[in-house]
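Let's take a walk through the open spaces of this protein. Have the viewer ready and follow along.

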Amino acid sequence: MSEPLVVLRDVNKHFGDLHVLKDVNLTVGRGEVVILIGPSGSGKSTLCRTINRLETFESGSITIDGKELPEEGKELAALRADVGMVFQSFNLFAHKTILENVTLGPTKVRGMRKAEADRRAMELLERVGVGHQAHKYPAQLSGGQQQRVAIARSLAMDPKVMLFDEPTSALDPEMITEVLDVMVELARSGMTMIVVTHEMGFARKAANRVVFLSDGQVVEEATPEEFFTNPRSERAKDFLGKIL
Ligand code: ADP
Ligand code: MG
């Protein structure tokens with residue numbers, strides 16, 4: 001593996017009595033693309049949110065590029081900007097244009113000048129194929145286009161790692177490919193990515209590793225080829241039997 005970028009050691013998290021992450025160990029190398037897969041309720045979203053410190057955890061450690069995330073304050077904002085996150089729901093600001101959605105973070109959090117932020121944002125919007133929509137509002141775009149804008153918005157912060165939590169599961173089937181194509185391009189450009197998805201096509205094309213989570217535990221890690229054709233654990237076999 002390349003140099004470790006995201007390292008989780010023995011991470012435990014509870015919601016009240018519910019033990020949702022159980023001694024999770026996970027190392028993602030720089031430039032690596034890891035698929036996080038597992039049954040509904042297994043803790044995938046919680047794991048992503050914990051990596052980004054949208055959730056606290058009780059024990060263990062998480063480092064991004066060697067740095068432990070602080071609990072709060074300015075340092076947290078800066079470090080959190082290193083971790084881009086794309087959700088199932090696109091979460092764009094409805095009353096801002098597409099361009100403004102992308103420039104907001106760089107100008108407010110990174111202190112970038114507007115002209116520079118606009119230029120960068122246009123490059124990113126072109127890259128995800130929505131440059132010609134820059135002056136529209138989110139509601140004027142399709143779901144697939146909005147999700148590509150959400151990706152551009154995250155990239156505008158120059159993150160070290162991108163987390164995707166079921167980025168295509170709210171999309172109509174004909175829009176899934178256009179979003180996955182952008183993600184494949186991003187993976188090939190060397191971005192470090194952690195992706196929660198059941199899209200096997202994406203996994204086969206772009207992922208280095210599949211991590212199977214069940215009941216808050218990492219049960220199995222394998223290459224996509226191995227995992228989908230020859231899962232080792234009973235739990236993975238059972239899960240794949242249901243989704244395939
Ligand atoms: P997944 O994304 O794999 O479907 P989640 O991480 O969303 O799983 O949820 C893992 C478990 O934690 C589930 O049992 C879920 O009901 C529970 N859970 C998630 N978020 C909360 C919360 N904010 N408060 C209490 N329980 C939660
Ligand atoms: Mg989830």
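**Pockets and their linings**

In the lining of the second largest pocket, five residues are charged, two are polar and two are nonpolar; nonpolar here means Ala, Val, Leu, Ile, Met, Phe, Trp, Tyr, Cys and Pro, charged means Asp, Glu, Lys and Arg, and the others, Gly among them, are polar. Before going on: this is a predicted model, where local features need pLDDT of at least 70, side-chain atom pairs count only at pLDDT 80 or more, and totals for chains, interfaces and linings use all residues. Residues are numbered from 1 along each chain as its sequence is written, chains are lettered from A and ligands numbered from 1 in the order in which they are written, and side-chain values use heavy atoms, with hydrogens and water left out.

A pocket is an open set of points on a 1 Å grid over the protein atoms alone where a 1.4 Å probe fits, with protein on both sides within 12 Å along at least five of seven lines, and its lining residues have an atom within 4 Å of a point. The second largest one holds about 150 Å³, a volume being the space filled by probe spheres set on the points, which are joined across faces, edges and corners. Among its lining residues are Lys-96, Glu-100, Lys-108, Lys-114 and Asp-118. Two or more of the lining residues come from each of α3 and α4 (114-127), and α3 gives the most, with six.

Now for the largest pocket, at about 550 Å³. Of its 21 lining residues, Val-83, Met-85, Arg-153, Ser-154 and Met-157 are the closest to its centre. The top contributor to this lining is β6, with four residues.
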